Amino acid sequence: MNYSNITGLTDEETLYRVAELFKIFGDPTRVRILHTLFHKELCVQDIADTLEMSQSAISHQLRILKQSALVKFRREGKTIYYSLADDHVATILMQGLEHVCE
C-alpha cells in the first residue's frame, strides 16, 4: 500500500477520528454484524437470526454503525436493508481478520 498520499496524519482532530473509528470495531457484536454484512445485504431480522440475537440488540448496534458511516441502508417497502458503507469498511475488516489469523 502507498501511504504517501495520506494527509493530515499528525492533525489532532484526524487522529481523534481514527481512534473513534477503532472504538467502533472494539465491540464484538458490531464486528459480527459487519462480518455478516460483508457477505450480503440483510434486513435487521435476518441479521438477528444469523447472529442468534434479538432484533432490538441488532438495531441498537446498527444505529451506532450508521452514525459512524460504516453501514448504509435502503428501504424497500416497510423493510430496511443494511450493507457495508463502502470498500474501506470491508478492507478494514479483512485486514483485521488477516492480522489475527497469522
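This briefing walks through the fold, the core, a pocket and some individual residues of the structure above. The model is a predicted one. Its chain has 102 residues, and its secondary structure comes to five helices and three strands. Here is a tour by topic, to follow with the structure open beside you.

**Overall fold**

- Going along the sequence, you will meet helices and strands in the pattern α-α-β-α-α-β-β-α.
- Taken along the principal axes, the box filled by the C-alpha atoms is roughly 45 × 30 × 20 Å.
- Buried residues make up 26% of the chain.
- If you take the contacts between residues at least 6 apart in sequence, 49% of them join residues at least 24 apart.

**The largest nonpolar core**

- This core has 21 residues, and the members that touch the most other members are I33, L34, L37, I47, I58, L62 and L65.
- Two or more core residues come from each of these elements: α2 (28-39), α3 (44-51), α4 (55-67), β3 (79-84) and α5 (87-101).
- L62 is a handy residue to click on: beyond its neighbours within four places in sequence, L62 contacts I33, L37, V44, I47, V71 and Y82.
- Two of those partners, I33 and L37, are also on the list of core members with the most core contacts.

**Y82 and the aromatic pair**

- Searching the whole structure turns up one aromatic pair.
- The partners are F73 and Y82, with ring centres 6.2 Å apart; their planes meet at 45°, so the pair is tilted rather than stacked or edge-to-face.
- Y82 is buried because its relative accessibility is 6%, under the 20% cut-off.
- Y82 is also one of the residues in contact with L62, which ties this topic back to the core.

**The second largest pocket**

- Its volume is about 170 Å³.
- The lining is formed by E20, L21, I24, S68, A69, L70, D86, H88, V89 and I92.
- Helices α1 (12-24) and α5 each give at least two residues to this lining.
- By character, the lining residues are six nonpolar, two polar and two charged.
- A69, one of the lining residues, sits in the loop between α4 and β2 (71-76).
- The phi angle of A69 is near 60°, a positive value in a residue that is not glycine.
- L70, which also lines the pocket, has its C-alpha 12 Å from that of T91, with their positions 21 residues apart in sequence.
- T91 belongs to helix α5 and counts as partly exposed, because its relative accessibility of 36% falls between the 20% and 50% limits.

**Two buried hydroxyl-bearing positions: T29 and S83**

- T29 is part of helix α2, and its relative accessibility of 17% makes it buried.
- Setting aside residues up to four places away in sequence, T29 touches M53 and Q61.
- S83 is part of strand β3 and is buried too, at 15% relative accessibility.
- Beyond its neighbours within four places in sequence, S83 contacts L37, E41, L70, V71 and K72.
- Among these partners of S83, L37 and V71 are also in contact with L62, while L70 belongs to the pocket lining.

**Exposed residues: H39 and E52**

- H39 lies in helix α2.
- H39 is exposed because its relative accessible area is 56%, over the 50% limit.
- H39 and D86 are 47 residues apart along the chain, and their C-alpha atoms are separated by 13 Å.
- D86 is itself one of the residues that line the second largest pocket.
- E52 is in the loop between α3 and α4, and it is exposed, with a relative accessible area of 73%.
- Like A69, E52 has a positive phi without being glycine, here near 50°.

Note on methods
Residues numbered from 1 in each chain as written. Predicted model: local features only at pLDDT ≥ 70, side-chain atom pairs only at ≥ 80, totals over all residues. Heavy atoms only, no water. Core = buried A, V, L, I, M, F, W, Y, C linked by side-chain atoms within 4.5 Å. Buried < 20%, exposed > 50% of the residue type's maximum accessible area, 1.4 Å probe, protein only. Helix = DSSP H or I, 4+ residues; strand = E, 2+ residues; numbered from the N terminus. Contact = heavy atoms within 4.5 Å. 1 Å grid on protein atoms, 1.4 Å probe; cavity = no way out; pocket = protein on both sides within 12 Å on 5 of 7 lines; lining within 4 Å. Points joined across faces, edges and corners; volume = space filled by probe spheres on them. Nonpolar A, V, L, I, M, F, W, Y, C, P; charged D, E, K, R; others polar. Phe/Tyr/Trp six-rings, centres within 6.5 Å; stacked < 30°, edge-to-face > 60°.
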